[in-house]
Amino acid sequence: MMSPPDLSALNTRGTWPPPAGPRVAIVGSRRPSPYGEAVAEQLAADLARAGVIVVSGLALGCDAAAHRGALTAGGVTVAVMGTGIDIIYPAAHLRLAEEIVAGGGALVSQFPKGALPRRQNFPARNVTMAALSDAVVVVEAIQGSGALITAEAALDLHKEVMAVPGSIFSPQSVGTHNLIRDGAALVQNARDVLAALGAGGEVLDDPLAAPQRLGFGLSRERDGILLHLSDVLSVSAAELARKLDLPVAEVLGRLTSLELDGAVRRHGPGFLRALRTGKERA
Amino acid sequence: MLATVHSCVLVGLEARRVEVQADSGNGKPNFHLVGLAATSVKEARERVRSAIKNSGLDFPRARLTVNLAPAEMRKQGSGLDLPIAVAIALAEIGKPGPARTAFLGELALDGAIRHVDGVLVAARCLRKAGIERFFVPAVDASEAALIDGLEVIPCTHLKQVVAHLLGEDSIPPQPFTKAILEFSNGALEHDLGEVHGQEEARRAIEVAAAGGHHLLLTGPPGAGKTMLAACVPGILGPLDLGEAFEVAQVRSLLGDLLPGRPLDWTRPFRAPHHGVSMAGLIGGGTGLALPGEISRANHGVLFLDELAEFQAPVLQALRQPLETGRITITRSGGSVTYPARFTLVAATNPCPCGWLGDSARTCRCTPAVVDAYQRRLSGPLLDRIDLQVGVRRVPLAELASEPRGEASATVQERVLAARTRQLDRQGCLNAQLKPRRLREVARLEPGSRHTLERWSEQKGLTARGFHRAWRVARTAADLEGAEVIGDRHVLEALGYRLHDVAA
């Protein structure tokens with residue numbers, strides 16, 4: 001395993017070190033399923049509300065969702081970069097990076113200023129993420145994903161490793177299921193993470209708060225067609241038409257209507273049930 | 001003596017009349033060819049001299065001048081060989097040229113008459129200009145004989161032509177080929193009945209064919225995009241006489257007509273490779289531009305597989321013909337306009353490796369690469385493609401269990417009925433409706449307008465995209481035989497906008 005860098009020698013922007021409090025890294029696929037994205041965002045938001053510093057990697061997909069979730073909840077989040085502190089990668093996250101700094105969080109990098117995004121930088125960055133955090137939660141990961149490097153590093157550094165389960169049909173959850181089988185703690189909600197950190201007492205003591213499970217019951221069932229849609233595996237209009245014995249033109253129209261209402265979203269050639277994200281709830 | 005003979009040169013799909021004047025008089029024996037002849041016409045001097053000698057005729061032993069009038073027009077092509085030779089032969093004999101008679105053909109050195117391109121175009125224009133008799137190469141006679149009211153004389157040898165003109169031996173005219181005008185609808189090469197599953201793409205093809213809309217199919221390799229595209233000509237139904245005529249004229253210019261069967265009723269299907277050049281796709285060449293693939297696909301289907309692999313400037317050049325159904329190309333020799341009213345069916349992989357969104361295989365492309373790939377398709381061209389659908393790959397093992405769909409003949413009936421409705425109502429297909437006409441013939445109820453506007457706002461549609469979705473909704477209603485566009489028609493139309501992304 002790569003050894004973590006000297007954490008006192010990191011280049012930083014924003015508020016560093018961050019305010020006191022447990023730090024949790026939320027990591028996952030750069031191309032998550034809508035489920036994974038929604039989980040990352042909600043988990044980050046719930047943890048941030050409980051005073052956790054959310055650490056992630058500023059990458060596309062789960063990372064960005066985690067940063068956004070923390071920011072939506074008014075929390076502090078830290079982005080560990082695989083580039084120089086002055087190079088935002090991907091460039092599409094320029095605004096996100098500014099928001100992280102403005103929100104009292106920080107950008108940190110172990111690489112010299114001006115360092116470009118190189119393939120070999122990212123595994124090292126993943127190790128740093130583990131070193132900076134008290135626990136690592138893997139939201140979604142295919143086999144061989146960089147998020148698993150972070151998890152492995154966390155194990156070596158004796159940090160808590162946790163994983164979010166998903167559908168057994170989803171390749172995005174193969175990595176997380178393997179982690180759970182190997183002993184990682186199973187995460188269903190923010191409370192599970194807080195409990196593992198030993199910081200969840202006050203939350204657990206509130207018997208009136210219904211435990212909100214991640215990824216379930218988020219979508220209101222307003223249309224029969226929604227019952228036949230999954231939030232992980234996309235279904236094409238043709239398959240639905242066959243299943244419901246309706247003309248494909250009609251099914252396509254109804255799906256479009258649901259898409260307009262935000263209940264359904266396109267995914268490649270098919271459709272998925274949309275999960276409401278933190279932004280919409282806030 | 002002076003002899004004058006009529007002929008023509010082609011300028012795109014038009015023919016300009018040319019008078020060939022031959023004058024032999026006193027002076028040192030010599031052969032001058034004047035009248036702005038291009039290289040291919042200047043070379044006629046040598047062919048004509050040999051052809052006349054080898055036909056047993058006398059070449060004037062005098063000062064010979066051949067003028068091609070009007071002199072300010074540049075003349076290209078080998079079709080003037082025959083009229084020049086006839087003019088010289090007549091001048092030597094001392095006869096004026098025949099009235100209201102034109103000649104076109106290339107000569108071999110032995111006097112045999114060879115094929116030239118564009119005889120059908122020449123015949124049509126000459127007939128309009130008052131020519132009554134047309135001498136053409138025998139191999140091209142069936143083309144010319146498609147023109148009603150024109151006597152077509154099929155010629156195989158210069159000697160035979162001169163003998164005919166002198167009244168020594170007459171060549172029987174080519175009969176006006178009514179028989180080939182007879183309509184024949186051959187068996188389809190690709191039938192939708194053989195396509196398993198793919199209901200969404202099948203429906204999109206039907207809508208595209210019914211309204212004249214352009215279509216983009218997105219899906220992994222082996223999903224059947226090419227097969228689906230190849231089915232489009234079949235559901236469009238055969239060409240009508242006017243369309244077949246236009247198709248034949250473009251083919252005639254390119255020398256592409258089948259000998260003896262100049263009219264073909266099947267819809268053109270052109271599938272140029274993605275390496276195609278600008279000149280190859282749009283049309284081009286030196287001097288005057290020749291038609292490209294888009295004009296060969298006129299009244300039929302232009303299939304562009306691997307759309308993202310085409311050179312960007314080539315795709316950009318498609319914008320004018322996609323909007324207007326015509327292409328105007330200007331080269332050093334002048335400007336020509338060719339018809340290019342085709343249905344574009346394009347296909348693309350969702351990402352460079354092709355497997356993004358596939359259920360069985362995992363895509364190996366990084367998000368940045370996928371983004372760059374899809375951005376190559378976006379923008380002005382995509383904005384002009386009304387229907388965009390995803391095509392799923394069905395694993396081979398499951399293919400047989402997927403239900404077969406309707407046969408092309410059944411779909412064609414609905415498509416033709418919808419096309420007739422449009423033509424009766426507005427004189428053109430829905431895809432060609434100008435925004436003003438669209439507002440007149442495709443009124444939207446407040447509810448369906450609201451749906452369209454909501455989508456437009458959510459996805460940041462351009463005004464062009466807005467109108468295109470509206471036209472598709474009109475077509476969906478026409479397929480149903482409905483006068484009023486309902487909400488369901490608008491929603492279906494929006495369902496075909498795969499590449500609209502949230503603003």
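Visitor: Over residues 215-222 of chain A, how many contacts beyond four places in sequence does the model have?
Guide: This is a predicted model. Residues 215-222 of chain A keep a pLDDT under 50. For that stretch, the contacts beyond four places in sequence number 15.

Visitor: Which other stretch of chain A has a pLDDT below 50?
Guide: This other stretch has eight contacts in the model beyond near neighbours in sequence. Its pLDDT is below 50, and it covers residues 278-282 of chain A.

Visitor: What is the mean pLDDT of chain A?
Guide: In chain A, 88% of the residues reach 70 or more. The mean pLDDT of the chain is 85.

Visitor: How many helices and strands does chain A have, and what share of its residues is buried?
Guide: Chain A has 12 helices and 10 strands. The chain holds 282 residues. Take the contacts with a separation of 6 or more: 72% of them join residues 24 or more positions apart. The buried share of chain A is 53%.

Visitor: Chain A is divided into two domains; how far apart are their C-alpha centres?
Guide: Domain 1 of chain A runs over 7-204. Domain 2 of chain A runs over 224-281. The distance between their C-alpha centres is 30 Å.

Visitor: Which element gives the most to the side of domain 1 of chain A that touches domain 2 of chain A?
Guide: In this contact, 13 residues of domain 1 of chain A meet 10 residues of domain 2 of chain A. On the domain 1 side, helix 1 (34-49) and helix 2 (62-72) of chain A each give two or more residues. By class, that side has five nonpolar, seven polar and one charged residues. The element that gives the most, with six residues, is helix 1 of chain A.

Visitor: Now the contact between the chains. Which element of chain A gives the most to the side that touches chain B?
Guide: Chain A brings 22 residues to this contact and chain B brings 27. Helix 10 (237-244), helix 11 (248-260) and strand 9 (264-267) of chain A each supply at least two residues of the chain A side. That side divides into 12 nonpolar, six polar and four charged residues. With nine residues, the element that gives the most is helix 11 of chain A.

Visitor: Which residue with a positive phi lies between helix 10 and helix 11 of chain A, and is it buried or exposed?
Guide: Most residues other than glycine have a negative phi. A:Asp245 is not a glycine, yet its phi is about 55°. The residue sits in the loop between helix 10 and helix 11 of chain A. Because A:Asp245 has 6 other C-beta atoms within 10 Å, and 12 or fewer is the cut-off, it counts as exposed.

Visitor: Which prolines of chain A follow a cis peptide bond?
Guide: One cis bond starts at A:Trp16, with omega near -5°, and leads into the loop between strand 1 (11-14) and strand 2 (23-27) of chain A. Another starts at A:Tyr89, with omega about -5°, and leads into the loop between strand 4 (77-81) and helix 3 (94-102) of chain A. The prolines are A:Pro17 and A:Pro90.

Visitor: Which side chains of strand 4 of chain B are buried?
Guide: In a regular strand the side chains alternate between the two faces of the sheet. Strand 4 of chain B covers residues 63-69. B:Arg63, B:Thr65, B:Asn67 and B:Ala69 point to one face and are not buried. The buried ones, on the other face, are B:Leu64, B:Val66 and B:Leu68.

Visitor: Which strand of chain B runs parallel to strand 4 of chain B?
Guide: Strand 2 (residues 14-25) of chain B pairs with strand 4 of chain B in the antiparallel sense, over seven bridges. There, B:Ser24 stands opposite B:Leu64. B:His32 stands opposite B:Thr65 in strand 4 of chain B. The parallel partner, joined by five bridges, is strand 3 (residues 30-34) of chain B.

Visitor: How far apart are the end C-alpha atoms of helix 7 of chain B?
Guide: Helix 7 of chain B has 13 residues, 199-211. Of these, 13 of 13 are buried. B:Gly212 follows the helix, with a positive phi near 75°. At 1.5 Å a residue the helix should span 18 Å, which agrees with the end C-alpha distance of 19 Å.

Visitor: How does B:Glu306 count by its C-beta neighbours?
Guide: B:Glu306 lies in the loop between strand 14 (301-304) and helix 13 (312-316) of chain B. Its phi is positive, near 55°. Because B:Glu306 has 16 C-beta neighbours inside 10 Å, it counts as partly exposed.

Methods: Residues are numbered from 1 along each chain as its sequence is written. Chains are lettered from A and ligands numbered from 1 in the order in which they are written. This is a predicted model: local features need pLDDT of at least 70, side-chain atom pairs count only at pLDDT 80 or more; totals for chains, interfaces and linings use all residues. pLDDT is the predictor's confidence in each residue, from 0 to 100. Two residues are in contact if their C-beta atoms, placed from the backbone, lie within 7 Å. Helices (H or I, at least four residues) and strands (E, at least two) are DSSP runs, numbered from the N terminus. Ala, Val, Leu, Ile, Met, Phe, Trp, Tyr, Cys and Pro count as nonpolar, Asp, Glu, Lys and Arg as charged, and the others, Gly among them, as polar. A residue is buried if 20 or more other C-beta atoms lie within 10 Å of its own, exposed if 12 or fewer, and partly exposed in between; C-beta atoms are placed from the backbone. Two strands pair if DSSP finds at least two bridges between them. The expected span of a helix is 1.5 Å times one less than its number of residues. Domain bounds come from an automatic or database domain assignment.
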